[in-house]
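User: I'd like to learn how to read helix packing and sheets in a model. Could you walk me through it?

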Amino acid sequence: MPSLLRNSLTKRVLRSALTAMDQRVERGVARTTRPLRTELDVLRREVDEMQQRQYALGLLLDGTARSGHRMPRPAQIDTLVRQIKDVSGDNEHARRGVVVAYRTLIAMEALAVGRVAGSTSNICGKLATVPLLSPPNGNILEIGTLYGVFASALVRMVHRAGIEPDLTIVDPLAGLQLQPGTAQNADPTGTPVREDVVRANLALGGNRAALEARIQQGFSSDPEVRAAVSDREYGVIIVDGDHSMEGVASDLEWVEQIVASGGIVVLDDCGDKAWPGVQEALDKHLATGTSRLELLGTVATSAYLRAA
Ligand SMILES: C[S@@+](CC[C@H](N)C(=O)[O-])C[C@H]1O[C@@H](n2cnc3c(N)ncnc32)[C@H](O)[C@@H]1O
């Protein structure tokens, strides 16, 4: 037998038989695994494409250089729509308002010098709710503007609802965001808080109200600042300046005197755990029982009030 195995002819026959067996096994395996492998390849390609798209979307919507990411979950939008319906009584247009607000926020922030402050829900809530509350006139006062991007977006939203806006802004525009009693970290945008920056963002609004906005540099508690902008009745007042209890209380007392009958006061960051003084000031203000302002409700972290 060993001599037989050493025989070259036998070796050749055995080799070709083994080769034939190998080929048969390979063909059999290939027959059963080919569909599976093809499916895996297709899946891998699809996952690659999805990751690529997600990466690009992430560049557009992630939290880099702004207050946070701008990728709301469906449940967040549903909650926002429900809250807006409750506050405005408008069941028909709340969702449209939120979608338009979201698009406006993304577009404005993409080109802004700086950012809009706050969560996606709170910003879209303010942009969508104010026009649905049908303010009695287009005079808008924003106390605390930071970079002016929100104000710019708001005048667009109010204009969409058929109200020609006229914008007044009060902010110290001191180079950085001022908040009494809080240590201010560097802004995620790296952009200074200055009038030229606010003007650049108002120009993005592209309408007369934004381009011709009146900017009153200073603190809302300053009598000279108050005198300069108390020349009209405002249909909408956004209170978003000094977030301390004393600062908000003082702003609420003032805005009551300059808000038009039927006008809307939006108290930003109300109920936000980071700014407990805002809710406290509102509660105290309403507890006096003598206020012209009636609380309509809350959307995200903003309270909405209407003046008698
Ligand atoms: C939260 S930021 C405003 C954000 C802006 N409304 C937005 O939606 O993007 C607060 C701004 O109010 C300014 N501020 C602080 N104290 C103020 C005061 N007493 N009067 C007016 N503005 C004040 C801050 O310097 C800052 O620019």
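User: How do I describe two packed helices, and which way does α3 pass α4?

Analyst: Two packed helices are described by the angle between their axes and the distance between the axes. Here α3 passes α4 in a right-handed crossing (the near helix is turned clockwise from the far one by less than a right angle; anticlockwise would be left-handed). This is a predicted model, where local features need pLDDT of at least 70, side-chain atom pairs count only at pLDDT 80 or more, and totals for chains, interfaces and linings use all residues. Residues are numbered from 1 along each chain as its sequence is written.

User: What are the angle and the axis distance for α3 and α4?

Analyst: Helix α3 (residues 74-88) packs on helix α4 (residues 94-111) at about 125°, axes 9 Å apart. That makes α3 oblique to α4 (under 35 degrees is roughly parallel, over 145 roughly antiparallel, 65 to 115 roughly perpendicular, the rest oblique). Among the contact residues are Ile77 and Leu80 of α3 and Val98 of α4 (contact: C-beta atoms, placed from the backbone, within 7 Å).

User: And sheets: what is the strand order in the open sheet?

Analyst: Strands of a sheet pair through backbone hydrogen bonds, either parallel or antiparallel. In this open sheet of seven strands, the order is β3-β2-β1-β4-β5-β7-β6, with mixed pairing (strands pair if DSSP finds at least two bridges between them). The edge strands, β3 (214-217) and β6 (293-299), each pair on one side only.

User: How do the neighbours of β5 run?

Analyst: β4 (residues 234-239) runs parallel to β5, joined by five bridges, and Tyr234 has Val259 as its bridge partner. β7 (residues 302-307) runs antiparallel to β5, also through five bridges, with Leu267 opposite Ala303.

Conventions
Axes are lines fitted to C-alpha atoms, for helices over the stretch in contact, and angles run from 0 to 180 degrees between N-to-C directions. Helices (H or I, at least four residues) and strands (E, at least two) are DSSP runs, numbered from the N terminus. Two residues are in contact if their C-beta atoms, placed from the backbone, lie within 7 Å.
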